[in-house]
Amino acid sequence: MDAVIKCIECSSEYPISYTGITCSCGGLLQVEFREYPEVSWELFRSRPFGVWRYRELIPVPRDAEIVTMREGGTPLIRFSRIKEVLGVRESYVKFEGANPTGSFKDRGMTVGVTMAKYLGAKAVACASTGNTSSSMAAYASRAGLKPYVFLPKGKVAKGKLMQAVLHGATLIMVNGSFDDALSAVMQASRSFGVYVLNSLNPWRIEGQKTLAYEIADEVGVPDWVVLPVGNGGNISALWKGFKELKKVGLVDELPRLAGIQASGAAPLAHAFKEGLSKPRFVEHPETVATAIRIGRPVNWPRALRAARESRGVITSVTDEEILEAQRMLGRLEGVGVEPASAASLAGLRKLLDEGIIRPDEKVVIVATGHALKDPDIAVYHQADTVELRGDVNELSEVFWR
Ligand code: F0G
């Protein structure tokens, strides 16, 4: 397979078998084809829907043993009732909560863990706000690798923590934010040689870019894709995916990307608004959407580039707007998402209000993680509860009120 790993800053090239995570200059690495393979929708559609449908565009070595749980192939659900509320013509939610461990991270992990195993790693590690740790622990277990997860103490949602425990990860609790946990895991990697599977790992991006392939496969290229942004890996992957589809001739257009951050953790939205070339990092990020509670996003160069090149935007929404959007998805569409994922609907509403997205444009919002990941959030959504004390007939006023 004719591909290399290339630094996005200094353009140094490494072979596909490179075991490092970043360039020796400190820049971010990216997998790049030297020559694109010949592919067609026909070929892809002869295989099951999911990440590995697009095998030729994921340049893992041919002899690698693929670690998979049939990730991807998630439902793209057309809005029915939200459409009326927003007044939009054609909009969809890509429900990534339907992945094996309940988030989009599985797309990156099937490729990342496949490569970890291929490269001879015995142990893998990540820093995480939760979902990466759940996914990495599950895929590592399947591959027989030992998972170590670095977590911001007290800030990881219960469902995610439970999954990391269930899949046998060693939990390393960090007193600080996700950003501190990421510095710690990078140091641990240098000291102990464990293979890091955060989204700065270029193989994670190779898996996550299939989100773009699946959207285009089902509904063509939308005018906009709206998605939450934390560390900036997913927006970078999505953009890489769409650009590759165009390079291999499978699409003619590119979408505009809208990245949504929580207002208490919005360094990229700020940089975008102020037209800065570099974000000013947020030292104490805070938001109810703990998955995107990130102040120093490592993928910032490629995330900003993705938004700018696509003529898109990165903006922010408040916690109240996020929770309201979570309720709307749950109660108007039956789609249960965790708060960070609801940021995309909150962002769509804001961008429609601001006239940046027009109601006649085709929009896909990405719901990155499942509602069950964060059960404690239910306290914010008032339950409609009635206690049955005696006869069921006493409920008449409950049924008809
Ligand atoms: N949505 C969810 C549910 C997430 O878990 C994350 C990131 C994002 C959106 C943002 O994606 O970082 O690629 O911009 N979660 C990471 C984790 C940080 O550790 O699970 P991003």
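Which residues form one aromatic cluster with Trp41? I started my notebook with that one, and I found Phe44, Tyr54 and Tyr213 as its partners in the cluster. A reminder to myself: this is a predicted model.

**Entry: aromatic pairs**

I counted five aromatic pairs. I looked up Tyr14 and Tyr18, whose ring centres lie 4.1 Å apart with planes at 25 degrees; stacked means under 30 degrees, so this pair is stacked. I then checked how covered each ring residue is. Tyr14 is buried, at 13% relative accessible area, while Tyr18 comes out as partly exposed at 21%. The cut-off for buried is under 20%.

Next I turned to Phe33 and Tyr36. Their ring centres are 5.2 Å apart and the planes meet at 45 degrees, so I noted the pair as tilted. Phe33 is buried, with a relative accessible area of 9%. Tyr36, at 29%, counts as partly exposed.

I also looked for a charge over a ring. I found Lys146 lying over the face of Tyr148, 5.5 Å from the ring centre.

**Entry: helix α8**

I came back to Tyr213 from the cluster, since Tyr213 is also one of the buried residues of α8. Is helix α8 enclosed or open to the outside? I saw that nine of its 10 residues, in the stretch 210-219, are buried, so the helix is largely enclosed by the rest of the structure. I wrote down the buried ones: Thr210, Leu211, Ala212, Tyr213, Glu214, Ile215, Ala216, Asp217 and Val219. Charged side chains are on that list too, namely Glu214 and Asp217. Just past the helix, I noted that Gly220 has a positive phi of about 75 degrees.

**Entry: strand β1 and its neighbours**

I moved on to β1, which covers residues 3-7. Four of its five residues are buried, so β1 is largely enclosed by the rest of the structure.

Which strands does β1 join? I found five bridges to β3 (residues 29-33), running antiparallel, and two bridges to β2 (residues 13-14), also antiparallel. I picked one partner from each side: Val4 of β1 bridges to Glu32 in β3, and Ile5 bridges to Tyr14 in β2. That is the Tyr14 I met earlier, stacked with Tyr18.

How many residues lie between the strands in the hairpin of β1 and β2? I counted five, and among the hairpin residues Ser11 takes a positive phi near 65 degrees.

Terms used: Residues are numbered from 1 along each chain as its sequence is written. This is a predicted model: local features need pLDDT of at least 70, side-chain atom pairs count only at pLDDT 80 or more; totals for chains, interfaces and linings use all residues. Side-chain values use heavy atoms; hydrogens and water are left out. Buried means under 20% relative accessible area, exposed over 50%, partly exposed in between (1.4 Å probe, protein chains only). Rings of Phe, Tyr and Trp (its six-membered ring) pair if their centres lie within 6.5 Å; planes under 30 degrees apart count as stacked, over 60 as edge-to-face and the rest as tilted. A charge sits over a ring if NZ of Lys or CZ of Arg is within 6 Å of the ring centre and within 35 degrees of the ring normal. Two strands pair if DSSP finds at least two bridges between them.
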